[in-house]
Amino acid sequence: MHTTSSLAALRQWLEANHLDGMIVPRADAWQSEYCAPYDEKLAWLTGFDGSAGLTLVLKDKALLFVDGRYQVQARVQVNLDDVEIHHLHNEPLAQWLSQNVNEGTRIGFEALLMTNADFQQLSATPCELVPLNTSPFDTLWAGRPAAPAGLIREMPVEVSGESSADKRQRVAKILAENNTDYLAITLPDNIAWLLNVRGADIPTSPVPLSFALLNRDGAIEWFVNDNQLSKLSDTVKEAFTISPQDAFIGRCQQISQGKCVMVDADSAPVALRFAIEPQGEIVWQTDPITLMKAGKNSTELAGYRECHHQDGAAWVNFLAWLSREVPQRVAAGKPLTELDVQAQQLAFRERQPGFIEQSFATISASSSNAAMCHYHSSEVSNKPIGHDHFYLNDSGGQYHNGTTDATRTLAWGKVEPQQRLHYTAVLKGFLSLITLQFPSGTQGHQLDAFARRPLWELGLDYDHGTGHGVGHQLLIHENPHRLAKKVNPWPLVAGNIMTIEPGYYLADSHGIRIENQVEIVESRPGFCKFASLTLIPIDLSQVELHLLNEQEKQWLDDYHQQVRDVLSPLVDSDARPWLFEATAPIRVNR
């Protein structure tokens, strides 16, 4: 439970600066999903450390807005006597301000941390938005971690599949077609992809925190600090003009006189608008690199497939170990814990060729902890793993040639009949979507309901998306594609990489999710289907098999045959018997 000293200190600062309140988002200047410790301002202020949310701090109250993934977690982490919890989408901040504050209420914000889209929405409320010249956290946050300065490395063309020069010319062509002089690039993964580099500023997210300006002739100015470039060759560095990271906004102001600058409408900080608009023109458009990057080339696709073989072998070694250890440790009265298990799983991954680091912090969640979709175990929350409940593991790896993400929900013994029914419904939703054939160009929201229908038939649902894009040794959640209820206007085509991950969560009881990473491939002229990249056995011990139809059973048998054939030569010898048992045809041993 978080103390109130941070809120009190901020309120004193606001009073001294003649402000009625302040908006503090869970964001950095790049709108990163996972922030460096230096930028975890929301966590320092409230105790909430989820990957999405914001707080409004007023003189007499504080409100925390989080989405459906974090409704349970937020109530555990914050002091509810001091912070009200609201839903980020169902009752958003702009709506609350419109209904609850007086005209002219002065609300401060940091212009580098707020997107233009959010600024426009909040500008329609009665409050007066006041951009801050200095951040209160520079003085209030004692012991603040140092700003990130991870070393940057080259992504070889043998792995990326295309040179930076060729990529830049493709983007420059789009600028010319739109009669635009510059593209202001603020998304770190777009810059990493464009320049064929990877970074180490944020754990598990191999991107350098930097900015860039691309000229319509293909020349680029890269705003990154010199102390991060020692690993790059002179040839790489000489291909770009390099300037300090904090010179970006000033440079945009300088070059904008009489020029047209393309700026991402959804992710760019409003500080960019303040710098350009007085003398230049902004073309608000999704950064063209975002969609370009989502279409993987043949080299990237080959890398994904290969790294999933390594990751699948690590998973099988891990699951075989679990199947031995869980019963033995329970019988001995010393059960494994969430932290024990995630440490052992990482050890198995670290043995795999090409493994660099995890692709996100592992979700190792036993029994009721799994009801928090993005739970992370700690010494305080660490639960034992036993026979009578589910254990959920969502994890992945960054490999030299790709990125992995998968979830399995497991149980040893028998769980309650209601939980078996929930597990079966989640599996049927997973199978409904992963076996689907759909017209090329279909949008993600048009597919989402296929995964939810079995749960809907029970009057149940889950409050998160069904799938997301995955970067190529980049971010685990890659834009622009999503499978979710919310409209996603981007066409799904062959070469896109996605996840399929329906779930169900009952607070204080259990959580279930099954997730495979998939490649979208052509199935017949004009149509696509999902080809599974993830090769991990799916636990069928808790499934009500009589509720599966023949097509579902056949897919599971075929999938498990593929898992067995590919992974049996790669796994440890003592894991091979478990692999054969876990992938046996449904009609043989079940």
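Two strands are paired if DSSP finds at least two bridges between them. Strand β3 (residues 62-66) and β4 are joined in this way, in the parallel sense and over five bridges. The structure described here is a predicted model. This briefing covers two sheets, one cavity, one pocket, an aromatic pair and two points of backbone geometry.

**The six-stranded sheet**

- The strands β4-β3-β2-β1-β5-β6, in that order, make up an open sheet of six strands with mixed pairing.
- The edges are held by β4 (83-87) and β6 (128-131); each has a single partner strand, so one side of each is left without a neighbour in the sheet.
- On average, neighbouring strands of this sheet are turned by 25° against each other, direction ignored.
- Within the pairing of β3 and β4 over five bridges, Ala62 stands opposite Val83 in β4.
- Helix α4 (residues 93-100) lies across four strands, namely β1 (21-25), β2 (54-58), β3 and β4, and runs at about 20° to β2.

**The three-stranded sheet**

- A further open sheet consists of three strands in the order β15-β18-β19, and its pairing is antiparallel.
- Here β15 (355-358) and β19 (402-403) are the edge strands; because each has a single partner strand, one side of each is left without a neighbour in the sheet.
- Three bridges connect β15 with strand β18 (residues 397-399), and the two strands pair in the antiparallel sense.
- Glu357 is found opposite Gln398, a residue of β18.
- Helix α15 (residues 338-350) lies across β15 and β18, and its direction is at about 160° to β15.

**The cavity**

- Rolling a probe the size of a water molecule over the atoms shows where empty space is left.
- The count of cavities of 30 Å³ or more comes to one.
- The largest cavity holds about 50 Å³ of space.
- Its lining consists of Ala294, Lys296, Gly469, Val470, Glu478, Asn479, Pro480, His481, Asn496, Ile497 and Met498.
- Two elements, β23 (478-483) and β24 (497-500), give two or more residues to the lining of the largest cavity.
- With four residues, β23 gives the most to this lining.
- By character, the lining residues of the largest cavity comprise five nonpolar, four polar and two charged.

**The second largest pocket**

- The second largest pocket contains about 820 Å³ of space.
- It is lined by 32 residues, of which Ala29, Tyr38, Leu112, Gln245 and Asp246 are the closest to its centre.
- Helices α11 (248-255) and α12 (270-276) each contribute at least two residues to the lining of this pocket.
- The lining of the second largest pocket divides into 17 nonpolar, seven polar and eight charged residues.

**Aromatic pairs**

- A pair of aromatic rings is described by the distance of the centres and the angle of the planes.
- The structure contains 16 aromatic pairs.
- In one of them, the ring centres of Phe109 and Phe119 are 5.8 Å apart and the planes stand at 40°, so the pair counts as tilted.
- This pair links distant parts of the chain, 10 residues apart: Phe109 belongs to strand β5 (residues 106-109) and Phe119 to helix α5 (residues 116-123).

**Backbone geometry**

- Most residues other than glycine have a negative phi, and most peptide bonds are trans.
- The peptide bond that joins Asn479 and Pro480 is cis, with omega about 10°.
- Pro480 is part of strand β23, and both Asn479 and Pro480 appear in the lining of the largest cavity.
- Gln31, a residue other than glycine, has a positive phi near 55°.
- Gln31 is located in the loop between β1 and α2 (41-46).

Methods. Residues numbered from 1 in each chain as written. Predicted model: local features only at pLDDT ≥ 70, side-chain atom pairs only at ≥ 80, totals over all residues. Heavy atoms only, no water. Contact = heavy atoms within 4.5 Å. Axes fitted to C-alpha atoms, helices over the stretch in contact; angles between N-to-C directions. 1 Å grid on protein atoms, 1.4 Å probe; cavity = no way out; pocket = protein on both sides within 12 Å on 5 of 7 lines; lining within 4 Å. Points joined across faces, edges and corners; volume = space filled by probe spheres on them. Nonpolar A, V, L, I, M, F, W, Y, C, P; charged D, E, K, R; others polar. Phe/Tyr/Trp six-rings, centres within 6.5 Å; stacked < 30°, edge-to-face > 60°.
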